[in-house]
Amino acid sequence: MSAPTATADAAPMSRRKTLEALSGLLLVLFVAMLSGTVVSTALPKIIGSLNGSQTQYTWVVTATLLTATATTPIWGKLADLFNKKLLIQVAIVVFLAGSVAAGFAHSAGQLIAARAFQGIGVGGLQALVQVAIAAMIPPRERGRYNGYLGGVMALATVGGPLLGGLIVDTSWLGWRWCFFVGVPVAAVALFLLQVTLHLPTARRDNVKIDYLGATLIAAGVSLLLVWISFVDGSFAWLSWQTGAMVGGSVLLLALAVLVESRAAEPVVPLEIVRERTTALAILGSLAVGMAMFGGAVFLGQYFQIGRGYSPTEAGLLTIPMMAGVLLSSIVAGRLITASGKIKPYIVAGSIILVVGFALLGTIDHETSLVLVGAAMFIVGVGVGMTMQNLVLAVQNTVALKDIGAASSSVAFFRSLGGTIGVSVLGAVLARQVTDRITHDLAAAGLPTSGGGGSSTLNLAALPAPVQHIVRAAYGDATGHIFLISAAIAVVGILAALLLKPVTLRSSLDLPDTARSVAVAADAVDGAPAFDEVAVDVAGPGERARR
């Protein structure tokens, strides 16, 4: 068995080559995120044209989120074992195939299946883009590029619903183009990556894939997400279905932990997850994911139902949040690069996020749009200062060979938190809306049957007095959702405060790791050429060793 070897590309890339490679990676990340947001305003017409049910309506979104979440750690581990560039290209192909299949779906069931397959590619792209960037740019320099990542996230989050509304409102396009629109963009990204992306390749003869661990993790997470999707709708929180699903999920994940502790190449290395910085970043990402995704997803509904704006107008009204994410990502990233300190910005961002959600918790159906916009901007600033920097804090603590598993672990828990947040906060919103509509209809002397409930969303078909009651119910109840989001985000502050204050390293790999690998290569293969690469990776200061 030979020692690991690496190509000369292991040295940090020049700024020009880095920006060229980033162009393809950011395009990939944009189209992956866009696939989830573009359908949000188009779903009513999509499900209506396919004669789907309310349950299928939910599963068009949940199917993609479920498979993306369940496969994220698997993609991350594969990135530590195989060529990262090839894996990104495979994920793009999977995403393209799922997008085309979704566009040609002729029933809601076919659409859900296609979206689930598409989610496998989305999970790979979201995890692997972070891994590829970590393999190109040292942590100290990575901060300045987080502004680009924040901009892509903001553009996809806000531009997706706006684009989806425009597509379904354009007669010569139709809803199928919500899925086709990402195909040419992903194809261009595939070409750009082939030309511009050159990553170090580790050649290993002893690769072992933990199939059992991967299966148990995917099954345990999937069962948990299925329960979250159906609880309080198809069955009660306290029911035998809840006991069976939650108990089964806990059992599967416990078995996964047992398998991972004994596997030669675990999908999720427990020694990395147990490390203080990684554990705290995971806790912070879980809280940020629950607060951000669980709260922000209801903004579009607030503007459309609670305030009466069109899908296109609702997309435009969320621009302040995009501006906050973009601005704070750029400014915080450059300050982090200049100082090498990351904890102060994560702490500040966590506090700002709580303040923003607390302000959104005061809104109702008559709140000034100026106040709503200011609160959204503050939330965006908090997201921009925390989300990517939590991943960066973890990447700074692990060796380059483990960067995939570490990065994907944080992304996995952030996505899991978002899924839980959307489901739980959605259930709270539905219950409050139902009670409020029923109460107000009775107070107005109107019949309560058929006029309440979260499924009564076709406001144009309702009498004017009922429309006002429904709008007021949604507008007022949404504020309570954001208060819950603020409470959840407090956990992120605690996790950020407990992080170790460190200075980001300026080398791609941990210096001690690079040195030990180089010595092993010399001793086993007599390959001084790799020592040259390893020393360059370790940074200029290490060159004196030669």
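## Exercises on a predicted model

In this model, pLDDT (the predictor's confidence in each residue, from 0 to 100) stays under 50 over residues 517–546. That stretch still has 47 contacts (heavy atoms within 4.5 Å) beyond four places in sequence.

Two ground rules before you start. This is a predicted model, where local features need pLDDT of at least 70, side-chain atom pairs count only at pLDDT 80 or more, and totals for chains, interfaces and linings use all residues. Residues are numbered from 1 along each chain as its sequence is written, and side-chain values use heavy atoms, with hydrogens and water left out.

**Exercise 1. Find out which helix has the lowest mean pLDDT and which the highest.**

Step 1: Get the overall picture. The protein's mean pLDDT is 77, and 80% of its residues reach 70 or more.

Step 2: Go through the elements. Helices here are DSSP runs of H or I with at least four residues, strands are E runs of at least two, and both are numbered from the N terminus. The protein has 22 helices and zero strands.

Step 3: Pick the extremes. Helix α22 (residues 528–538) comes lowest with a mean of 37, and helix α17 (residues 343–360) highest with 92.

Step 4: Keep the warning in mind: where pLDDT is low, don't read the predicted coordinates in detail.

**Exercise 2. Work out what span helix α4 should have, and how it sits in the structure.**

Step 1: Use the rule for the expected span, which is 1.5 Å times one less than the number of residues. For the 20 residues of α4 (residues 84–103) that gives 28 Å.

Step 2: Check it against the model. The end C-alpha atoms of α4 are 29 Å apart, which agrees.

Step 3: Look at burial (buried is under 20% relative accessible area, exposed over 50%, partly exposed in between, with a 1.4 Å probe and protein chains only). Because 14 of its 20 residues are buried, α4 is largely enclosed by the rest of the structure.

**Exercise 3. Locate the salt bridge and say which parts of the chain it links.**

Step 1: Apply the test: a side-chain nitrogen of Lys or Arg within 4 Å of a carboxyl oxygen of Asp or Glu. This rule gives one salt bridge.

Step 2: Name the partners. The side chains of D476 and R436 meet with 2.9 Å from N to O. D476 sits in helix α20 (residues 464–497) and R436 in helix α19 (residues 403–443), so the pair, 40 residues apart, links distant parts of the chain.

Step 3: Check how covered they are. D476 is buried at 15% relative accessible area, while R436, at 30%, is partly exposed.

**Exercise 4. Say which residues have the most contacts inside the largest nonpolar core.**

Step 1: Build the core: a set of buried Ala, Val, Leu, Ile, Met, Phe, Trp, Tyr and Cys residues joined through side-chain atoms within 4.5 Å. The largest has 131 residues.

Step 2: Read off the residues with the most contacts inside it: L25, I88, M136 and L360. Helix α5 (residues 108–136) supplies the largest share, 15 residues.

Step 3: Look apart from it for another core, of 15 residues, including V470 and Y474.

**Exercise 5. Is S285 buried or exposed, and what does it touch?**

Step 1: Place S285 in helix α13 (residues 276–296).

Step 2: Check its relative accessible area: at 1%, S285 is buried.

Step 3: Setting aside neighbours within four places in sequence, S285 contacts L390, V410 and R414.
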